[in-house]
Amino acid sequence: MRLAYIHACGFRGYKKPIRIDFSDSFTIIDGRNGVGKSTIFDAVEFALTGTISKYLDAKSGRESVADYLWWSGDGASVSDRFVEVGFREGEKIFSVRRTPTSGDNTDTRELLAQLIDLDFAPKYAMAQLCSSTIIRDEHIARLSLDMKEGERFTMLRDAIGAVDADEWIGRAQSLTVSASVRVKSLINEAEKANQRLTSAVRQIDQARAELPTESLVKKAASRLQDTLRTSAPPDQLHDLARQRMARISAQIEDLTSLMNRFDVVDSLRSSLGNLDERVESASQRLDCARAALDECNMALETATVSTALSEQARQLEALVNLGKTLSLRDGHCPLCKSAIDHDQFGHGLEAALHAARQLDARAVEQAEKERARDSANEAFVAAEQAYGAVCAERNRANASVSEFDLRLTEFSMDNAKLGDIEGRMSSLELERQAITSDLHLIDTISVDRAISRAASNQESAKQEVRRVEFRLGRARLAETRAKAMYDAVRRAAAETVDQRLGRVLPLMSELYKRLRSHPVWDDIEYSVRGDVNRFLKLQVGGDINPQFVFSSGQRRATGLAFLLSVNLSITWSRWKSILLDDPVQHVDDFRTVHLAELLAHLCESGRQIICSVEDSALADLMCRRLPASEVAPGKRITLGADRDGALTVVSAQQIVPMSRRVLVLPEQSLRA
């Protein structure tokens, strides 16, 4: 599988459509800075992974590279923006296309299956493949000398396809952890079983120490039979005694409550006579208040004057005053317009004024009766409330006294005094103490049964200890085997990686020698150390880290050797291409020539080489040094800007091999 073409429009700096077809052997791309050489490699990576790794997680403000993937200026519409990358395998073409709207939804599974052997590829195979196939100027040092030793080993291990060991190591470790957890759990069970066995032995010893003499037990049983008034055998006295003690405790509690309430109830009993007198007095006051209220109501019912009399009197008086003010008008009354003289008019006013005064007096009398009725009603309500309160108080006192007397009757202590209650409590307490004392001796029978139960528990605990110890032994054996398996898997994985590295590390050294990175240290050593965590160390001259002593050009040459060896070591990739984005910055002409020679060897071995450089003379050199054939001619592409300033392909030419007849002299020349 080789890279066939890229076709892009509106991507990064490419405003207009651009298509670049690559040769199966080598393609050299040149052009000054800013003409889109790196964008070609960005397009390949973006089409395959949906991102550009060289920017990592770089952000400025709230912006990232995702905001600048597509052309946003004038020239390309949103519908025209796309990136398409094609791959060729024989006559078959496989392609993947991304647009601003497709995002990460582009289905690359079919192409992934063509590019990668999924059975041996690492987890993030496409990203790993891009990072080892696309060798960028800014990544040469960062992905080689500047990497941490652990990350460098992981990168190389994933490249050579030794990735299944982690799964087996993880499974073996999981078995080891499970076995260790099982052992710890069984150790806890064994400890608990031993504790139960120790507890059973201790119970037997305590029970045997508490056994009294047989004569004391018989006497205690006889006393309990007398106290409980029963002829039950000694082994049944225990339950009967417990029941009797429970009843005694309940009786003592009840008698204690009665004794605490005795003084209060006795005081209530003494006040019952006074309460009866108060109820009788309140009843008489209530009757008097009711009679006074009935009398006031009757007086109001016999009255004939309405509540409107006072208002009528005021109106009539106002009319008289108005008549006096107006007086007669032309011998006529100013109110009714009737003909009348002054004497008649005066007598009429006097009569009206007298009538108004009578109405007012009757209204005042009725108001007095209503006030008297209201006062009588209030007095009746107060008397009724007082009667109800004293009746409720007498009822509560009677209820408390009756309930207390009923409780005394239950104990057959009618009309008992405080001393009687205290005496009953003392006798019950003495009986309880006697039962408790004798019961302690009777419990010897229970102790015998407890000894039997403890012995049975002891035997069960012994059997449980034996079972747990047997399971613990098997668990420890399983743990030992799991640890041995885990160690064996790690050793096998390490040996497998070491075997594969044994074939890869000489390749790294060979590439380093061919690039002649350093004039003194012409060989580099790659050493792997660590058991669980593996580390890949680079060193020259015995024990010198080239990261800190090499110049930038020497570091770049060394990094190229490492990255090229990683690419050549990938066993799970079917993509036989090496893409180099301006790899010769800070590299002198001497090492550039060696790089061209090395790329020529890689091209002859069947690798597709795609390399971008800035110097046209260097492009000429590479086109001359890299092998071309009539079947697979090389290609040189020059990028630049068109008349509108848009990036485009300025020229594209095939690099064909020189004709063989060019070096053959004509026959005439030979004769001459």
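Visitor: What joins strand β3 to strand β12?

Guide: In this predicted model, five bridges join β3 (residues 26–30) to β12 (residues 608–613), and the two strands run parallel. Two strands pair if at least two bridges are found between them, so β3 and β12 qualify. One of the matches is that of Ile28, whose bridge partner in β12 is Cys611.

Visitor: What makes β3 and β13 a pair?

Guide: The same cut-off of at least two bridges applies. Four bridges join β3 to strand β13 (residues 634–641), so this pairing also meets the cut-off. These strands run parallel, and Thr27 stands opposite Lys635 of β13.

Visitor: What makes β3 mostly covered?

Guide: Five of its five residues are buried, and buried means under 20% relative accessible area. In a regular strand the side chains alternate between the two faces of the sheet. Here, Phe26, Ile28 and Asp30 lie on one side of β3, Thr27 and Ile29 lie on the other, and all are buried. Both faces of β3 are therefore covered.

Visitor: Why does Val96 count as buried?

Guide: Val96 has a relative accessibility of 4%, and the limit for buried is under 20%, so Val96 counts as buried. Val96 is found in strand β7 (residues 92–98). Its C-alpha atom is separated by 8.3 Å from that of Val83, and the two residues are 13 apart along the chain.

Visitor: Why is helix α1 called roughly antiparallel to helix α3?

Guide: The axes of α1 (residues 37–49) and α3 (residues 125–133) cross at roughly 170°. Angles over 145 degrees count as roughly antiparallel, which makes α1 roughly antiparallel to α3. The two axes come within 10 Å. Glu45, Leu48 and Thr49 of α1 make the contact with Met126, Ala127 and Cys130 of α3. By class, the contact has four nonpolar, one polar and one charged residues.

Visitor: What makes Glu45 a buried residue?

Guide: The relative accessible area of Glu45 is 5%, to be set against the limit of under 20%; Glu45 is therefore buried. Its place is in helix α1. Outside its neighbours within four places in sequence, Glu45 is in contact with Gly50, Thr51, Ile52, Ser53, Cys130, Ile134 and Arg136. Glu45 and Ala127 are 82 residues apart in sequence, and 8.4 Å apart from C-alpha to C-alpha.

Visitor: Why are helices α13 and α14 described as roughly parallel?

Guide: Helix α13 (residues 552–569) and helix α14 (residues 589–604) pack at an angle of about 5°. Angles under 35 degrees count as roughly parallel, so α13 and α14 are roughly parallel to each other. Their axes are 12 Å apart. The contact is made by Gln554, Ala557, Leu560, Leu564 and Leu568 of α13, together with Arg591, Leu595, Leu598 and Leu602 of α14. Seven of the residues in this contact are nonpolar, one is polar and one is charged.

Visitor: Which residues make the contact of α14 with α15?

Guide: From α14, they are Thr592, Val593, Ala596, Glu597, Leu599 and Ala600; from α15 they are Leu618, Leu621, Met622 and Arg625. This contact divides into seven nonpolar, one polar and two charged residues. The axes of α14 and α15 (residues 616–625) come within 9 Å and cross at roughly 35°. The crossing of α14 past α15 is right-handed.

Methods: Residues are numbered from 1 along each chain as its sequence is written. This is a predicted model: local features need pLDDT of at least 70, side-chain atom pairs count only at pLDDT 80 or more; totals for chains, interfaces and linings use all residues. Side-chain values use heavy atoms; hydrogens and water are left out. Axes are lines fitted to C-alpha atoms, for helices over the stretch in contact, and angles run from 0 to 180 degrees between N-to-C directions. Angles under 35 degrees count as roughly parallel, over 145 as roughly antiparallel, 65 to 115 as roughly perpendicular and the rest as oblique. Contact means heavy atoms within 4.5 Å. Ala, Val, Leu, Ile, Met, Phe, Trp, Tyr, Cys and Pro count as nonpolar, Asp, Glu, Lys and Arg as charged, and the others, Gly among them, as polar. Buried means under 20% relative accessible area, exposed over 50%, partly exposed in between (1.4 Å probe, protein chains only). A crossing is left-handed if the near helix is turned anticlockwise from the far one by less than a right angle, and right-handed if clockwise.
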